[in-house]
Amino acid sequence: MIEKNLNQIFQARIDSEEKIEARDWMPEKYRQTLIRQISQHAHSEVVGMLPEGNWITRAPSLRRKVALLAKVQDEAGHGLYLYSAAETLGAKRSDLIQQLLDGTAKYSSIFNYPTLSWADIGAIGWLVDGAAIMNQVMLCRTSYGPYARAMVRICKEESFHQRQGYEIMIALSKGSEEQKAMAQDALNRWWWPSLMMFGPNDAESKHTAQSMAWKIKRKTNDELRQAFVDATVPQAEYLGLTIPDADLKWNEERGHYDFGPIDWDEFWQVVKGYGQCNKERIAARRKAEEEGEWVREAALAYAEKQRIKKENQKTKVA
Ligand code: FAQ
């Protein structure tokens, strides 16, 4: 009875656009949904550093290198804000990271594709960050306060990331024939995986209905995917590149672009761990965890020393 009332009060707060804060009562399933989504998002940012990190030493100029370094560092920062947001819900960061390392936690499918050429760095910024922003702008209005506030800052940085990528694509597509071919090849390989980033179609999405009711999500997977296609087609036209979809065409009646079917078998294979780079990505994260262990231990030992020093000073004064 009490639980039922609490649930009603909670839903009324959500309906009246109040933010839910860390110490407020919330249904256990709301808490668990947020921990799942926020931690998957954090893992995606951290694993997302790997495909681009692959090109830092090979960036074609100092300016490109500085921009890419800054972008990858931003992604580490986004991971940290997001792990902190998950911690406000009572999750332990070390448990979340362990779930990533033992393969029980998901991260975005997109980061299991390889970066084969410099143009892939342009395509990631343009398409992957473009898709990420489309999804994350709505998350700035998510019902859980700490997540919403983290997303505001993340979105500001993501929009620079998107421009960094699009600017690379402009340079390549206005460059030599060979450069234009590189840009087209990158678009061919990254287009469909970018559409998959938004998750399964609404009819197949098991979490969407409840997450929309709780205003964790403000738009469905299909709504966001459509908005992304509508925004991106004119950008491809400006570049003079062709989106690899024979069914892509403007639908006057709907006021949207129609597009061809997504290969959901490929998506689920990647999500289940059988994509081109899943093993490599997890191996890289495990290696980083092992090699960073002494740094974490040293930081903890230093913190303990500082604590003892403060204690001793207090006893001296007393
Ligand atoms: N990959 O019922 P739904 C970035 C899973 S950040 C893998 O629709 P939901 C920045 C889903 O978890 C990119 N798994 O789920 C960057 C669920 O499985 P579960 C990440 C996926 O949560 C750019 C199952 O399928 N962004 O890119 C994927 O309502 C460049 C059923 O799905 C976020 O995480 C997928 N693509 O909607 C960094 C944003 N899609 O958990 C570096 C926050 C779905 O029951 C370079 N997350 N699944 O085992 C969200 O908005 C939502 O979680 C969705 C999925 C929309 C991703």
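A residue counts as near the ligand here if one of its heavy atoms lies within 4 Å of it. By that yardstick, 36 residues surround the ligand in this predicted model. Two things are worth a look: the shell around that ligand, and the largest nonpolar core, a set of 73 residues.

**Around the ligand**

- The closest residues of the shell are Lys106, Ser205, His207, Lys217 and Asn221.
- Sorted by type, the shell comes out as 13 nonpolar, 13 polar and 10 charged residues.
- Helices α2 (28–47), α4 (62–87), α6 (118–139), α7 (145–173) and α11 (264–274) each chip in with at least two shell residues.

**Polar contacts to ligand oxygens**

- Lys217 puts a polar side-chain atom 2.6 Å from an oxygen atom of the ligand.
- For Asn135, a polar side-chain atom sits 2.9 Å from a ligand oxygen.
- Lys206 also has a polar side-chain atom by a ligand oxygen, at 3.1 Å.
- As for cover, the ligand taken alone exposes 1,100 Å², and the protein buries 94% of that.

**The nonpolar core**

- Within the largest nonpolar core, the residues with the most contacts are Tyr30, Ile38, Tyr144, Trp190 and Trp191.
- Helix α6 supplies the largest share of this core, with 11 residues.
- Pick out Ile38 and skip its neighbours within four places in sequence: this residue is in contact with Leu82, Ala85, Ala86, Leu89, Tyr144 and Tyr147.
- As a general matter, nonpolar side chains tend to be buried together in soluble globular proteins.

Notes. Residues are numbered from 1 along each chain as its sequence is written. This is a predicted model: local features need pLDDT of at least 70, side-chain atom pairs count only at pLDDT 80 or more; totals for chains, interfaces and linings use all residues. Side-chain values use heavy atoms; hydrogens and water are left out. A polar contact is a pair of N or O atoms within 3.5 Å; within protein, one must be able to donate a hydrogen and the other to accept it, and residues adjacent in sequence count only if both atoms are side-chain atoms. Accessible areas come from the Shrake-Rupley method with a 1.4 Å probe; for residues, only the protein chains shown count as cover. Helices (H or I, at least four residues) and strands (E, at least two) are DSSP runs, numbered from the N terminus. Ala, Val, Leu, Ile, Met, Phe, Trp, Tyr, Cys and Pro count as nonpolar, Asp, Glu, Lys and Arg as charged, and the others, Gly among them, as polar. A nonpolar core is a set of buried Ala, Val, Leu, Ile, Met, Phe, Trp, Tyr and Cys residues joined through side-chain atoms within 4.5 Å. Buried means under 20% relative accessible area, exposed over 50%, partly exposed in between (1.4 Å probe, protein chains only). Contact means heavy atoms within 4.5 Å.
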